[in-house]
Amino acid sequence: KIVADGTFQDEEAGGRLTIAPTGALIVEDKIQRSIAPNVMSGSPTQSGDIIIETTSAGQGALMLNNDDERTQATVKLYSKGCNNGSYQFQYFASPFNSISSWAFDAYIYNHSETLNPEWTQLRYGEDVEAFQGLALTADGAAKNYEIAGTLASTQPHVYELSYTDSKANNKKGTNVVGNSWSAPIQITRIDDSDFDSPSNFEGIIYIYNAGRDVLVADKVYASDGNSEPGQWQSIPVETAKTEEWAHKRQIPAFQAFQMKVNAATEFTLNYNKHVRQEASVGDNNYNEPLHAPRRSMRSEAVKVLRLCVEDEQVGKSYIYLCEGDQFTEERDRGWEAQQTIGSGKYGKLYAIDQARDYMMSIARESLEGTPVGFISGLSTEYTITFNETEGTYYLNDMETQQSTLIQEGESYTFTTTKGNHPNRFIISAIPFDKPGIATGVTDLDAEAPKVQKVIYNDKLYIIRGGKVYSAEGQLVK
């Protein structure tokens, strides 16, 4: 069954079937190899019989509606991972059950949430297993890796999503896993029954975006022609099931993706449920290409503040505030990701980037003076909790004039009216109640009804008494 336009070449001499990057094929029965006209052998395919082609623009898709685990194929896997002045990585999952890393002739890294550092380079000749979250880079330009082997099993695969409570690990609960199947996973088919502890899953699938490259000749380059801010595309699972959701609903074939948990849980991917089933809403794009950021893995330490807001009735959401020396105007801010407002049933915190987009995570050289807005849900009372082990910043409520140390174990409960409240909070190293220091959130907001707070060029300014102050309290004008 051909389900997408594409070139399917049946070469009589070699008996090969080529699935082009624009093609998708669903096999209702077992694939068998022709040994004579109109005669089918009972043997499985050989690795050269089926060729799945991929490019930067698309991937051929092969969906097996049977449980035959003996299907062999040659995959021409396109990778953006290369050395373009610095090493850039392609995040992927191997299409095969198990294959030697020699087959790739590249540098391959495996991810484990339990390790520090979390990425470990595989030794040459070490086996690459299916469903691992992998990163690949190589000397030279981007290229296709033509590799033959037995395709990943269509049996259910169980991921052990871990949560390591370690001060040395800045990404607690961050698990990078992979779709090794030669067809996309339908995010809209993921539900609580796929987890042994559903409440431990954050509820969002993260897929690597094109990201932003460094500035070159006054231009910002992004792979795929994708200029959206951020290294990640964040896809809330439940929101993606609504007709209003206008963004990605699939995990491409051979794509690594990220899942975050607040405690360990098992997650089961079921080929019959998550791949064979049609998408519950929206179009089914069988040929979506692999996504990869255009930034290198940097070794600089990054401070990540996680703020979680929740109410007693509906649910919770997160934002991430990242601080590091590498997050300057001249360097990539690949940690950034846009926030999804969703159905409005639960409250959302958000940061603001230069384009005034709502951001789920934002990266700055310094978080001092960072404004944080809030959009209310069905409730009127919310509680914010934190993950930071060493409190160096305060969350300052501009309406109540209260400050809370952003530190694990601390929390802040507040009430709000319905609607959007931009700049409700300010991140500052100085709390409201510390006397003698003009920070822009201490003395300047004493007459709140008469104070105006504005954002200009991504910076917060406070206008009081006809004068303009920075968020740090410096007189600007």
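**View 1. The largest nonpolar core of this predicted model has 59 residues.** Let us start in the interior of the protein, remembering that the model is predicted. The residues with the most contacts inside this core are Leu62, Phe104, Leu161, Trp181, Ile205, Met259 and Phe267. Apart from this core lies another, made of 22 residues, and among them are Ile319, Met359, Leu367 and Leu395.

**View 2. Here we zoom in on Met259 and the residues it touches.** Which residues does Met259 touch, not counting those up to four places away in sequence? They are Leu161, Gly173, Thr174, Asn175, Val177, Phe195, Phe201, Ile204, Ile205 and Phe267. Two of these names, Leu161 and Phe267, may look familiar from the first view, where they are listed with Met259 among the residues with the most contacts inside the core.

**View 3. The largest cavity has a volume of about 60 Å³.** The structure holds 4 cavities of 30 Å³ or more. Around the largest one you can find Leu64, Pro95, Leu151, Ala152, Thr154, Ser180, Trp181, Ser182, Phe254 and Tyr271. How many of these lining residues are nonpolar, polar or charged? The lining divides into 7 nonpolar residues, 3 polar ones and no charged ones. Look out for Trp181, which lines this cavity and also appears in the list for the largest core.

**View 4. Ser199 sits in a loop between two strands.** The loop runs between strand E21 (185-186) and strand E22 (201-208). Is Ser199 buried or exposed? Its relative accessible area is 58%, so Ser199 is exposed. Now find Val261: Ser199 and Val261 are 62 residues apart in sequence, and their C-alpha atoms are 8.7 Å apart in space.

**View 5. Strand E35 (residues 381-386) has side chains that alternate between two faces.** Tyr382, Ile384 and Phe386 point to one face and are buried, while Glu381, Thr383 and Thr385 point to the other and are not buried. This fits a general pattern: in a regular strand, side chains alternate between the two faces of the sheet. Strand E35 pairs with strand E29 (residues 303-310) in the antiparallel sense over 4 bridges, and Thr383 is the bridge partner of Glu310. Strand E35 also runs antiparallel to strand E38 (residues 411-415), joined to it by 5 bridges; there, Ser411 is the bridge partner of Thr385.

**View 6. Arg424 belongs to strand E39 (residues 420-428).** Its relative accessibility is 2%, so Arg424 counts as buried. Leaving aside neighbours within four places in sequence, Arg424 is in contact with several residues, including Asp397, Glu399, Phe414 and Thr415.

Key: Residues are numbered from 1 along each chain as its sequence is written. This is a predicted model: local features need pLDDT of at least 70, side-chain atom pairs count only at pLDDT 80 or more; totals for chains, interfaces and linings use all residues. Side-chain values use heavy atoms; hydrogens and water are left out. On a 1 Å grid over the protein atoms alone, a cavity is a set of points where a 1.4 Å probe fits but cannot get out, and a pocket is an open set with protein on both sides within 12 Å along at least five of seven lines; lining residues have an atom within 4 Å of a point. Grid points are joined across faces, edges and corners, and a volume is the space filled by probe spheres set on the points. Ala, Val, Leu, Ile, Met, Phe, Trp, Tyr, Cys and Pro count as nonpolar, Asp, Glu, Lys and Arg as charged, and the others, Gly among them, as polar. A nonpolar core is a set of buried Ala, Val, Leu, Ile, Met, Phe, Trp, Tyr and Cys residues joined through side-chain atoms within 4.5 Å. Buried means under 20% relative accessible area, exposed over 50%, partly exposed in between (1.4 Å probe, protein chains only). Contact means heavy atoms within 4.5 Å. Two strands pair if DSSP finds at least two bridges between them.
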